[in-house]
Amino acid sequence: MTTKSAAAAARATVYGYPRQGSNRELKKATEGYWQGRVAVEDLRGTAARLRRATWEQLSEAGIDEVPTGHFSLYDHVLDTSVMVGAIPDRHRAAVAASALDGYFAMARGTQDVAPLEMTKWFDTNYHYLVPELGPDTSFAADPAKQLAELKEAIALGLTARPVLLGPVSYLLLAKPAPGVAGDFPPLALLERLLPVYAEVLADLRAAGARWVQLDEPALVQDRSPSELAAAARAYGELGALGDRPKILVASYFDRLGPALPLLAKTPVDGLALDFTGRAAANLGDLAAAGGLPGKRLVAGVVDGRNVWINDLERSLATLATLLGLADGVDVAASCSLLHVPLDTSAERDLDPQIARWLSFARQKVTEVVTLARGLNGDSVAIGAQLAANRADLASRTASPLTRDPAVRARGEAVTGADARRSLPYPERAAAQRTRLALPPLPTTTIGSFPQTTELRTARADLRAGRIGTEAYEERVRTEIRDVIAFQEAAGIDVLVHGEPERNDMVQYFAEQLTGYLATQSGWVQSYGTRYVRPPILAGDVSRPGPMTVRWTRYAQSLTGRPVKAMLTGPVTMLAWSFVRDDQPRADTARQVALALRDEVDDLEAAGSAVIQVDEPALRETLPLRTADHAGYLAWATEAFRLTTGGARPDTQIHTHMCYAEFGDVLDAIDDLDADVISLEAARSHMQVAVELAGADYPREVGPGVYDIHAPRVPGAAEVAALLRKGLEAIPAERLWVNPDCGLKTRGWPEVRASLANVVAAAREVRARL
Ligand code: GLN
Ligand code: ZN
């Protein structure tokens, strides 16, 4: 370990913390407020208490500079829109009537007014509200929230650093407002926005902020020369302001690349860089750029978005290297801790041996503090922590959970042939046609049917011990009978069992695979008051027994028509979990794929002629930099083909993805070699079909003809028109008829009416072929 001491003492800090509280108090208070059960003062009181508890906890743990402004009642990007006065016209009246209700109206919409669009925050599973901007947008500073939270922290006697979304990323994350030309670049508003930031910075300075952090994560993505120039201009201008706090520009989730030397040259006072995973390239890039002479470097060496303990000695070595590259190095988590659960000590059901490997937000704070002490040469004080850390890491490496010899041997024996079907598509298609004897334009659905009240109640009763497994499974069988009977009566060609046994498409499989852990309280914010508990992929993956076969077999026993079996694909199984960091993702994906491959085998043996492997996450897990896309897509598609490659030629493999824009993964979709792919297409009027045809996609396609995101029932004529549009691109023998996605969020009445219209439209178009 290092005993080198820095010129200035290293400080420990973080950029943000989970907002919800240990019992998700924020969710309860907010939803209570929406329902009129919680008074506005009580919501505000809960929020203030949670902020205070977080700051006190951070300070007691040894964090020298606490962040402020990262807290949010809904989303920090929406908070930024409020801070700069970018309120869409349609929300102005509501905001004027009540700032708080207007804020929630922008987030969630009202009966009459649509909310802002929501999209993924980089490649995390957090979603933000997209700012809507246009040439007429005028900004006005509204720093009230930032100022109030700074003052709260200062009143506690703490050194506080406001954290704001930076102006460049704010604009790069925005989209043209409705009615504005689609090619309007929000970044064109930079000159107009900077004075607003200057005003907020001055106000924060006056309120006692010595440092302010401006987050610029958008600069870790590929940026055009003009975007980079805009970033340089922005920080040139903000840095040149007279009355301002010191400015720390933060980036995370990946390397800064060309933006690094550029920001280093601006007159800001410090950079915060991510040194974990792919972003570790920042180290070499920083050295090549000549370091940050005269500036502060905040080193994100503790992974802020995964759940594993840090390798403290390795981080200390990185920090020691960084010491020579800046005028003071501070220690931080790589990004806001928003993306990890709160505290491992809440996990009482976890094997204590395994819990030692895990580090949630609270534990990460301790790691950051320990590393700062180590960097300050306090080797005696942290000796015990280092020894414990070494032992925990060793126990993880040596554990049979992370090293299952049978799983490893099987992974190593995989050959290229395993990841390929035994016959090419045209021959498979002929065999499948003979076996399935489907009409042209066959109708099907994506898998789930409405989750009924009876089903939800039964699941809750099972969890609470009010009913036993037998009663619960009888409920599931009843649902399957209803779903099969409905589909037969409706005249659907390829049926599904409706997925009533699944709470969640990833969790259901995670619970049955060895190598996955579940948490009790590991909540992570997905958006607003919605939290998810991602499973943790902790060890080598194997399948103790069939996971879906009995339900599919039961469904098939009820009908003479083919029932399509449903699996969640390996890429999605990784994307919506916390994934182990002690081996490449490709290796983990391969293990999951091999387990799923056995499920495909068992389904075939049980008589399934059609099997769907869902990969809705294939595109959303794309690395942030295009240079990394090919490497990712290579292992991702291989994992899919390994899942399905053992299937008989006359078994029809379907896949499904939930999006309509997939230009950047078109080749990968082809590489999956699935016999049939279904995609979202209703809203884009079959654009997907046109694009696939344009790329000479050779296999079968089911572009969605029923938008399942709203309760609206599409008319038969409208569906028929979409089908005819699809037929202009894809020939009838390769075109399927299906909804955009699963039906689990819909109600039965709409589903009944909609699917009846879908079948009627398919019949009508078929009759005129
Ligand atoms: N088969 C799943 C369902 O129908 C697919 C869900 C998804 O694509 N996200 O619910
Ligand atoms: Zn979908």
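**Exercise 1.** In this predicted model, determine in which hand H12 passes H14, and describe how the two helices pack.

*Solution.* Step 1: the crossing of H12 over H14 is right-handed.

Step 2: H12 covers residues 312-323 and H14 residues 361-375. Their axes lie 10 Å apart and form an angle of about 50°. Angles under 35 degrees would be roughly parallel and 65 to 115 roughly perpendicular, so H12 is oblique to H14.

Step 3: H12 contributes Leu-312, Ser-315, Leu-316 and Leu-319 to the contact. From H14 come Glu-367, Thr-370, Leu-371, Gly-374 and Leu-375.

Step 4: sorted by character, the residues of this contact are five nonpolar, three polar and one charged.

**Exercise 2.** State which residues come nearest to ligand 1, and classify the residues of its shell.

*Solution.* Step 1: there are 13 residues around ligand 1. Those that come nearest are Ile-446, Gly-447, Ser-448, Pro-616 and Gly-742.

Step 2: the shell of ligand 1 consists of six nonpolar, four polar and three charged residues.

**Exercise 3.** Assess the confidence of the prediction, for the protein and for the complex, and find the stretch where pLDDT is below 50.

*Solution.* Step 1: the protein has a mean pLDDT of 96, with 99% of its residues at 70 or more.

Step 2: the pLDDT is below 50 over residues 1-6. Beyond near neighbours in sequence, this stretch has 21 contacts in the model. Predicted coordinates should not be read in detail where pLDDT is low.

Step 3: for the complex, the predictor gives an ipTM of 0.99 and a pTM of 0.96.

Note on methods. Residues are numbered from 1 along each chain as its sequence is written. Chains are lettered from A and ligands numbered from 1 in the order in which they are written. This is a predicted model: local features need pLDDT of at least 70, side-chain atom pairs count only at pLDDT 80 or more; totals for chains, interfaces and linings use all residues. Axes are lines fitted to C-alpha atoms, for helices over the stretch in contact, and angles run from 0 to 180 degrees between N-to-C directions. Helices (H or I, at least four residues) and strands (E, at least two) are DSSP runs, numbered from the N terminus. Angles under 35 degrees count as roughly parallel, over 145 as roughly antiparallel, 65 to 115 as roughly perpendicular and the rest as oblique. A crossing is left-handed if the near helix is turned anticlockwise from the far one by less than a right angle, and right-handed if clockwise. Two residues are in contact if their C-beta atoms, placed from the backbone, lie within 7 Å. Ala, Val, Leu, Ile, Met, Phe, Trp, Tyr, Cys and Pro count as nonpolar, Asp, Glu, Lys and Arg as charged, and the others, Gly among them, as polar. A residue is near a molecule or strand if its C-beta atom, placed from the backbone, lies within 6 Å of it. pLDDT is the predictor's confidence in each residue, from 0 to 100.
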